[in-house]
Amino acid sequence: MLFAFSSIAQAGDAAAGKEKNSMCVGCHGIEGYRTAFPEAYHVPKIGGQHAEYLIKALEGYRDGTRSHPSMTALAKTLSDQDIKDLAAFYANN
């Protein structure tokens, strides 16, 4: 199991993810952040989350198996490599 996680994390480039982070950090980089779109809710801080989870979540938003208007719109702009890079960045922060 650790081997599978390591392979996924290594597939992404954390430095590249840091460069691509601007669309994420405004919500997910602020501890205790709440937003009002599409309704009031707490936005999770994702730093330190497992890369595999982040990849699956972003893929889910992109392919429609997970639903959230803001996340779906953002995820649809991401390539597979973008997703891996962002996951590697957040997993290490």
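In helix α6, taking helices as DSSP runs of H or I with at least four residues, numbered from the N terminus, the buried residues, meaning those under 20% relative accessible area with a 1.4 Å probe and protein chains only, are Asp82, Ile83, Asp85, Leu86, Ala87, Ala88, Phe89 and Tyr90. I should say early that this is a predicted model, in which local features need pLDDT of at least 70, side-chain atom pairs count only at pLDDT 80 or more, and totals for chains, interfaces and linings use all residues. Residues are numbered from 1 along each chain as its sequence is written, and side-chain values use heavy atoms, with hydrogens and water left out.

As for the length of α6, its 12 residues should span 16 Å, at 1.5 Å times one less than the number of residues, and the end C-alpha atoms are indeed 16 Å apart, which agrees.

Now to the packing partner. Helix α4, residues 51-63, packs on α6, residues 80-91, at an angle of about 140 degrees, with the axes 8 Å apart, where axes are lines fitted to C-alpha atoms over the stretch in contact and angles run from 0 to 180 degrees between N-to-C directions. That makes α4 oblique to α6, since angles under 35 degrees count as roughly parallel, over 145 as roughly antiparallel, 65 to 115 as roughly perpendicular and the rest as oblique.

In this contact, defined by heavy atoms within 4.5 Å, Ala51, Leu54, Ile55, Leu58, Glu59 and Arg62 of α4 meet Asp80, Ile83, Lys84, Ala87, Tyr90 and Ala91 of α6.

Finally, Thr72 lies in helix α5, residues 69-75, and counts as buried at 17% relative accessibility.

Notes
Helix = DSSP H or I, 4+ residues; strand = E, 2+ residues; numbered from the N terminus. Buried < 20%, exposed > 50% of the residue type's maximum accessible area, 1.4 Å probe, protein only.
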